[in-house]
Structures are given as structure tokens and as C-alpha cells.
Amino acid sequence: MASSFDPVAHNRSAWDREVESGNEWTRPVGPEVIARARAGDWSVVLIGYQPVPRDWFPAELAGAAVLCLASGGGQQGPVLSAVGAAVTVLDNSPRQLSRDREVGAREQLAVRTVLGDMRDLSAFTDASFDVVFNPVSNVFCPELAPVWLESFRVLRPGGILMAGFMNPDIFIFDVAALDERGELIVRHPLPFTTLDLPDDERERSYGTGPIEYSHSLTEQIGGQLAAGFVLTHLVEGPHHADATGRYMPGYFATRAVRP
Ligand SMILES: C[S@@+](CC[C@H](N)C(=O)[O-])C[C@H]1O[C@@H](n2cnc3c(N)ncnc32)[C@H](O)[C@@H]1O
């Protein structure tokens with residue numbers, strides 16, 4: 001790929017295409033999910049299909065200012081809005097944000113949407129949120145330190161950062177062998193990005209999908225700590241849709257607090 005390649009611009013169009021093609025993380029929640037949430041029966045995911053433990057959230061969500069970070073698709077944002085939170089969804093894909101607005105209009109929920117890059121939260125003032133909720137999405141972001149620093153800045157003291165992310169080890173395998181034959185062939189040293197692949201191979205394995213970055217645990221967990229967060233919880237889970245799920249955790253989820 002050319003050296004002038006802009007991953008954010010590429011991934012913006014790529015995620016808009018994912019909406020067109022019906023990727024499961026672009027399908028908005030239905031009216032029954034919102035009705036149940038309004039009645040107090042709700043859950044949201046950070047990784048795969050694993051509900052986030054209720055006690056990761058503040059005891060009182062009504063009125064809490066929640067930033068759903070890189071979390072478009074009409075999923076977590078509308079559910080948290082239905083339980084009373086004041087929700088803002090920031091995402092890099094206009095089509096993903098339109099999903100949140102669709103659900104908001106259908107359900108008369110005030111979900112605010114902001115188009116942007118998760119590394120730059122300058123649309124928001126310091127200490128303006130109680131929760132930053134960031135489901136698996138930083139795999140599409142070239143660098144993480146600004147994400148954690150900006151999340152820290154926009155959270156109030158005592159505010160909570162929840163993040164879901166990929167186990168970087170999942171990237172060591174040959175993707176075509178894994179997808180086509182279920183074979184785990186170790187091939188790529190870490191760190192890895194799909195930009196490392198020759199164009200024809202990337203297109204064969206990833207189509208015109210978004211560019212991905214492996215990111216180390218130092219960038220993920222060390223980066224949160226370096227930004228000033230205190231880690232309170234960490235869980236792991238198998239990748240819900242990957243052959244590696246039989247052997248290893250494909251995802252991690254963390255909860256951290258701004259002191
Ligand atoms: C797998 S989807 C996650 C949203 C989904 N609601 C979920 O439950 O996981 C990944 C999202 O990250 C967004 N994204 C990718 N790169 C981004 C960036 N640099 N800044 C903000 N959002 C980004 C995509 O547009 C997409 O909506």
C-alpha cells in the first residue's frame with residue numbers, strides 16, 4: 001500500500017461497507033430489547049456475546065453521562081439510553097452512527113452521535129463523562145496511547161473506563177489456513193497489522209474490510225495504567241467466531257477507574 005495510506009479514512013469507508021453487508025456488529029437492537037431495558041432487564045457486551053457484569057457499571061445509571069467510544073451500530077448506546085443514561089456515541093463511520101440515530105428515533109431515545117477518531121476526543125470537555133464504554137474496536141486504530149489519555153481526560157474523577165480488545169496472539173496465525181481449513185499455522189511475528197500482507201493476500205483473507213492492528217498488552221493494559229487509570233477487573237473469553245476459540249482466549253475486557 002502507498003505510504004500516504006490513511007487508515008482512518010480507509011476504515012471509515014470499510015465500516016460503512018460493513019453496514020451495507022450486514023456485519024453483525026452493525027445490526028441495531030430491536031424494539032423488544034429496548035422494551036426489556038426500559039423494564040430494567042438489560043445487558044451489553046464488550047467482547048463477543050459475554051454480558052458485562054452489572055457491577056462494572058455505576059449503581060445508578062439514570063442520568064449518568066456515558067460515552068460509547070467507537071461503539072456505533074445501534075447496539076450498546078440505545079440500550080444504555082433506555083435505562084436512563086445520557087448517551088453519546090462517537091464512531092468513525094457515518095453509517096454506523098446512523099444506526100444509533102435510527103434506534104433513537106424509533107424509540108424516542110436521546111442518543112447523541114459524534115463522528116470522529118477515537119484518538120481525538122476534543123469534541124468533549126474535560127471531566128464530562130461518568131463512563132467511557134469501548135467495545136472491541138481499537139483493533140482498527142493505529143495507536144492506543146492517545147485513546148487512553150483522552151478517555152482519562154474526559155472522565156470525571158471516579159469515572160469508569162470499560163474496554164474490550166483482542167488478544168494480540170490471535171494474529172500470529174495464517175488467516176487463510178485458519179479460515180479455509182481450520183489449521184493453526186504460526187506465521188506472523190508480533191506486532192502485526194494486516195497492512196503487512198501483500199495486497200492480493202489481504203484482499204483474499206480480509207476482502208475490502210477494515211485494516212487491523214494486533215497491539216501488545218503493554219499498549220492495552222500498560223497504556224491504561226500509564227494514562228493514570230487504576231485497573232479493577234480483567235476477564236478473558238474465547239473469540240466468538242474464530243477457530244482459535246477452541247484453544248485460547250481471543251478477547252480481554254478490562255474495567256478501570258480514574259482516581
Ligand atoms: C466491531 S464495531 C464495534 C461496535 C459494536 N457496537 C460492538 O458491539 O462491538 C467497531 C467499530 O469501531 C469503529 N471504529 C474503527 N476505527 C475507529 C476509530 N479510529 N475511531 C472511532 N471509531 C472507530 C467502527 O466504525 C465500528 O463501528
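Which residues does Val-66 touch, not counting residues up to four places away in sequence? In this predicted model, local features need pLDDT of at least 70 and side-chain atom pairs count only at pLDDT 80 or more, whereas totals for chains, interfaces and linings use all residues. Residues are numbered from 1 along each chain, as its sequence is written. With a contact taken as two C-beta atoms, placed from the backbone, within 7 Å, Val-66 touches Leu-80, Ala-85, Ala-86, Val-87, Phe-129, Asp-130, Val-131 and Phe-133.

Val-66 is also one of the residues that touch the most other members of the largest nonpolar core, a group that further includes Leu-67, Leu-69, Val-131, Val-132, Phe-133 and Leu-161. This core has 59 residues, a nonpolar core being a set of buried Ala, Val, Leu, Ile, Met, Phe, Trp, Tyr and Cys residues joined through C-beta atoms within 7 Å. Burial requires 20 or more other C-beta atoms within 10 Å of the residue's own, while 12 or fewer make a residue exposed and counts in between make it partly exposed. The largest share of the core, seven residues, is supplied by strand S7 (residues 155–166); helices (H or I, at least four residues) and strands (E, at least two) are DSSP runs, numbered from the N terminus.

Seven strands form an open sheet with mixed pairing, in the order S5-S4-S3-S6-S7-S9-S8, where pairing requires that DSSP finds at least two bridges between two strands. Strand S5 (112–115) and strand S8 (230–238) are the edge strands, each pairing on one side only, and the twist from one strand to the next averages 15 degrees. Strand S4 (residues 86–91) runs parallel to S5 and is joined to it by four bridges, with Val-114 of S5 as the bridge partner of Leu-90. Helix H4 (residues 94–107) packs on the sheet, where it touches S4 and S5, and its direction makes about 175 degrees with that of S5, axes being lines fitted to C-alpha atoms (for helices over the stretch in contact) and angles running from 0 to 180 degrees between N-to-C directions.

Gly-72 lies in the loop between strand S3 (65–69) and helix H3 (76–82), and it counts as buried because it has 29 C-beta neighbours inside 10 Å. Its contacts, not counting residues up to four places away in sequence, are Val-89, Asp-91, Ser-93, Gln-96, Leu-97, Arg-99 and Asp-100. Although Gly-72 and Trp-25 are 47 residues apart along the chain, their C-alpha atoms are separated by 8.4 Å.
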